[in-house]
Amino acid sequence: MKKKFNLYCGLLIAAIVFGIGLTMVQTGYQMYTGGKAGWELAKSDNEKGVKRDPLWGMKMVNEMVPVEMMRKNPLEITDSIVNEKTGEKMGFMPVVAVVWSKDAGHRMQIIQAIGYFSWAFMIIFWIAFIKLIIAVNKGKIFEKSMETQLAWGGWSVFGMYVLGWVTQLTNHFLNVQTFEFADYNHMITQFPDSALLYSAFGMLLMGQIFKIGRQMKEEQELTI
């Protein structure tokens, strides 16, 4: 039984690591392309004798604003993009974009700060999950510590889900206050992964099941 439990735990860890790995690969590629573009720009500036503010790159990042939007009239497509494989000029409707604005304020810093709290919840989840595996392998199944670890794990995952909404709503309301685009309405098109919510309540439910099992075991021992 423990072998099968450890197998499933290993598969869960592999799935989580795989998801994190995909995000890291995506982030790494973006950093690579951004660094390459910055290197080429610096080389071009050096050849042309152009001098820039040393902090211009940081200011550019601080002025980045993610925007989600939808055309007021979706049948009227005025933007276009070129397919270089065929040379065809096709209609183009942006839904998610990044704009650069001097009115961005400290938008990116706020989003990054929320991300730090999300990482804290992730660390709590991993600690609870590892303690859970150790407890099961030691045979400490119907003990209060099992319920505690499941509760910590469930609430930490729920916290990550809530912070996902906080990030989306904060950015959306700041966009509504800052921008009004011609022909476009502000929208929320990307939502936190619902799997986080299911996992959170699933772990909390499992904690209650173990609690009921522990109480039944204690009642049986008292009866005997």
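Start by selecting Gln168 in this predicted model and showing what surrounds it. Setting aside neighbours within four places in sequence, Gln168 is in contact with Glu68, Ile188, Gln190 and Pro192. Now colour the helix that holds Gln168: this is H4, residues 144-178. Is Gln168 buried or exposed? Its relative accessible area is 18%, and buried means under 20%, so Gln168 counts as buried.

**Next stop: the sheet**

Glu68 is a handy way in. Its bridge partner in strand E4 is Val96. Select E1 (residues 64-71) together with E4 (residues 96-100), and you'll see two antiparallel strands joined by five bridges. Slide along E1 to Met64, whose bridge partner in E4 is Trp100.

Now add E5, residues 184-186. E1 and E5 also pair in the antiparallel sense, this time over three bridges. One of the pairs to pick out is Arg71, whose bridge partner in E5 is Tyr184.

With the three strands on screen, you have an open sheet in the order E4-E1-E5, with antiparallel pairing. Which strands are at the edges? They are E4 and E5, each of which pairs on one side only. Turn the view and look for the twist, which averages 55° from one strand to the next.

Bring H4 back into the picture. H4 packs on the sheet, where it touches E1 and E5. Compare the directions of H4 and E1: the angle is about 80°.

**On to helix H3**

Hide the sheet for a moment and select residues 107-137, which make up H3. Try a distance between its end C-alpha atoms: they are 46 Å apart. At 1.5 Å a residue, the 31 residues of H3 should span 45 Å, so the two values agree.

Highlight the buried residues of H3, among them Ile114, Phe125, Ala128, Phe129, Leu132 and Ile133. Just past the helix, click on Gly139, which follows H3 and has a positive phi, near 80°.

Go back to Phe125 and show its surroundings. Not counting residues up to four places away in sequence, Phe125 touches Ile16, Gly153, Ser156, Val157 and Met203.

**Inside the cores**

Which residues touch the most other members of the largest nonpolar core? Select Phe125, Phe129, Met146, Leu150 and Val157 to see them, out of 13 residues in that core. H3, H4 and H5 each supply at least two residues here, and H3 gives the most, with six. Apart from this core lies another one, of seven residues. Val67, Met69, Phe179 and Tyr184 are among its members, and you have already met Tyr184 as the bridge partner of Arg71.

**Last stop: helix H5**

Finish with H5, residues 194-223. At its N-terminal end, zoom in on Asp193, which caps the helix. A side-chain oxygen of Asp193 lies 3.0 Å from the backbone nitrogen of Ala195.

Now zoom out to take in the whole helix. How far apart are the end C-alpha atoms of H5? They are 44 Å apart, which agrees with the 44 Å that its 30 residues should span at 1.5 Å a residue.

To see where H5 meets its neighbours, select its buried residues: Leu197, Ala200, Met203, Leu204, Gly207, Gly213 and Arg214. These buried residues pack against H3 and H4. Met203 will look familiar, as Phe125 touches it.

How values were computed: Residues are numbered from 1 along each chain as its sequence is written. This is a predicted model: local features need pLDDT of at least 70, side-chain atom pairs count only at pLDDT 80 or more; totals for chains, interfaces and linings use all residues. Side-chain values use heavy atoms; hydrogens and water are left out. Two strands pair if DSSP finds at least two bridges between them. Helices (H or I, at least four residues) and strands (E, at least two) are DSSP runs, numbered from the N terminus. Buried means under 20% relative accessible area, exposed over 50%, partly exposed in between (1.4 Å probe, protein chains only). Contact means heavy atoms within 4.5 Å. The expected span of a helix is 1.5 Å times one less than its number of residues. A polar contact is a pair of N or O atoms within 3.5 Å; within protein, one must be able to donate a hydrogen and the other to accept it, and residues adjacent in sequence count only if both atoms are side-chain atoms. A nonpolar core is a set of buried Ala, Val, Leu, Ile, Met, Phe, Trp, Tyr and Cys residues joined through side-chain atoms within 4.5 Å. Axes are lines fitted to C-alpha atoms, for helices over the stretch in contact, and angles run from 0 to 180 degrees between N-to-C directions.
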